[in-house]
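Biologist: Could you walk me through this fold, one question at a time?

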Amino acid sequence: MSVLPPSGAIVILTGAGISKESGLDTFRDKDGIWSKVRLEDVATPEGFRRDPAKVHGFYNARRRHLVEDGIVPNAAHAALARLEREWRGEVLIVTQNIDDLHERAGSANLIHMHGELLKIRCQRCAQPFAWVDDLDQERRCPDCGRGGTLRPHVVWFGEMPLEMERIGDALAECSLFVSIGTSGHVYPAAGFVQMVRGQGRAHTVELNLEPSESATMFHESRLGRASELVPAFVEELLCR
């Protein structure tokens, strides 16, 4: 990877595959979340308007699983936190995941482009809040006091991902783009490698259990478990 300057900026995209090894379900695997529940019912604004109790129940169960069932960061999360600490340039993690495993591993320069499971927000005042308990329509907003306005702080299908301008700026300036554990099905994240390749200045690497839909767009592809590939890749970068 001689094209990477010693202090070049790195952008890392992570998807469900990195958290699967910590015990969290993916969405699009054969036995994933969308094989058990219709995304139209629980992950769209229309579904929430139609049946808010069902949507709250879905996210309450996922929140309890994350908080109560011993889910912890794995070696891949820890390696990315190490890279951020030790790399001489900027390291930005852009995650599609709504869990908090990157934070718990020690990552700080992080964008949750699809929101965060352990936050809720008010649809009236738009204020997000940390939240670990169950949520229902009776809860009142801690800020404005209105009832029936709280929803998961999660980006649903049909909504714009968060901080896209900041992500776009980082992709335009990076020297290395790494995609980890993502299927390449969901846009705009699936198009990030094309954006980076279009700039013509960054090296692109995919670390995945199997080739993604965008695999041919990467300069380099390594296949295997994230908990094995990512620590080895980070060690390689830091020992250059």
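What follows is a chat in questions and answers.

Modeller: Before we start, this is a predicted model, so to speak of settings: local features need pLDDT of at least 70, side-chain atom pairs count only at pLDDT 80 or more, and totals for chains, interfaces and linings use all residues. Residues are numbered from 1 along each chain as its sequence is written, and side-chain values use heavy atoms, with hydrogens and water left out.

Biologist: What is the order of the strands in the open sheet of six?

Modeller: Strands here are DSSP E runs of at least two residues, helices are H or I runs of at least four, and both are numbered from the N terminus. Two strands pair if DSSP finds at least two bridges between them. The pairing in this sheet is parallel, and the order reads β3-β2-β1-β7-β8-β9.

Biologist: Which strands stand at the edges of that sheet?

Modeller: Look for strands with a single partner, because one side of each is then left without a neighbour in the sheet. Two fit that description: β3 (110-112) and β9 (220-223).

Biologist: By how many degrees are neighbouring strands of this sheet turned against each other on average?

Modeller: Axes are lines fitted to C-alpha atoms (for helices over the stretch in contact), and angles run from 0 to 180 degrees between N-to-C directions. For this average, direction is ignored, and the value is 15 degrees.

Biologist: How many residues of β8 are buried?

Modeller: Buried means under 20% relative accessible area, exposed over 50%, and partly exposed in between, with a 1.4 Å probe and protein chains only. H203, V205 and L207 point one way from β8, T204, E206 and N208 point the other way, and all are buried. β8 is therefore largely enclosed by the rest of the structure, and the count is six of the six.

Biologist: Which residue stands opposite L207 in β9?

Modeller: β8 and β9 pair in the parallel sense over four bridges, while β7 and β8 do so over five bridges. On the β7 side, F177 stands opposite T204. On the β9 side, L207 faces R222.

Biologist: Which element gives the most to the largest nonpolar core?

Modeller: A nonpolar core is a set of buried Ala, Val, Leu, Ile, Met, Phe, Trp, Tyr and Cys residues joined through side-chain atoms within 4.5 Å. The largest one has 23 residues, and I12, I180 and V230 have the most contacts inside it. Elements giving two or more residues include β1 (10-14), α5 (75-86) and β7 (176-180). With six residues, the top contributor is α9.

Biologist: Which residues does I180 touch?

Modeller: Contact means heavy atoms within 4.5 Å. Residues up to four places away in sequence are not counted. The list is I12, L13, T14, G15, I18, L80, L207, A226 and V230.

Biologist: Why do the buried residues of α8 sit on the same side?

Modeller: The buried ones in α8 (residues 192-199) are F192, V193 and V196. The arc is that of the directions from the helix axis to the C-beta atoms. These residues pack against β1, β2, α7 (164-173), β7 and β8. They share a side of α8 because the arc they cover is only 95 degrees.

Biologist: How many disulfides are there?

Modeller: A disulfide is a pair of cysteine sulfur atoms within 2.5 Å. The sulfur of C141 has its closest cysteine sulfur in C144, at 3.7 Å, so that pair is too far for a bond. By this rule the count is zero.

Biologist: Which peptide bond is cis?

Modeller: Go to the loop between β7 and α8, where P188 is found. Omega is near 10 degrees for the bond from Y187 to P188.

Biologist: Is A126 buried or exposed?

Modeller: A126 lies in the loop between β4 (115-122) and β5 (128-130). Its phi is positive, about 65 degrees, although A126 is not a glycine. Its relative accessibility is 53%, so A126 counts as exposed.

Biologist: Which residues is S7 in contact with, leaving aside its neighbours within four places in sequence?

Modeller: S7 lies in the segment before β1 and is partly exposed, with a relative accessible area of 45%. Its contacts are W87, R88 and G89.
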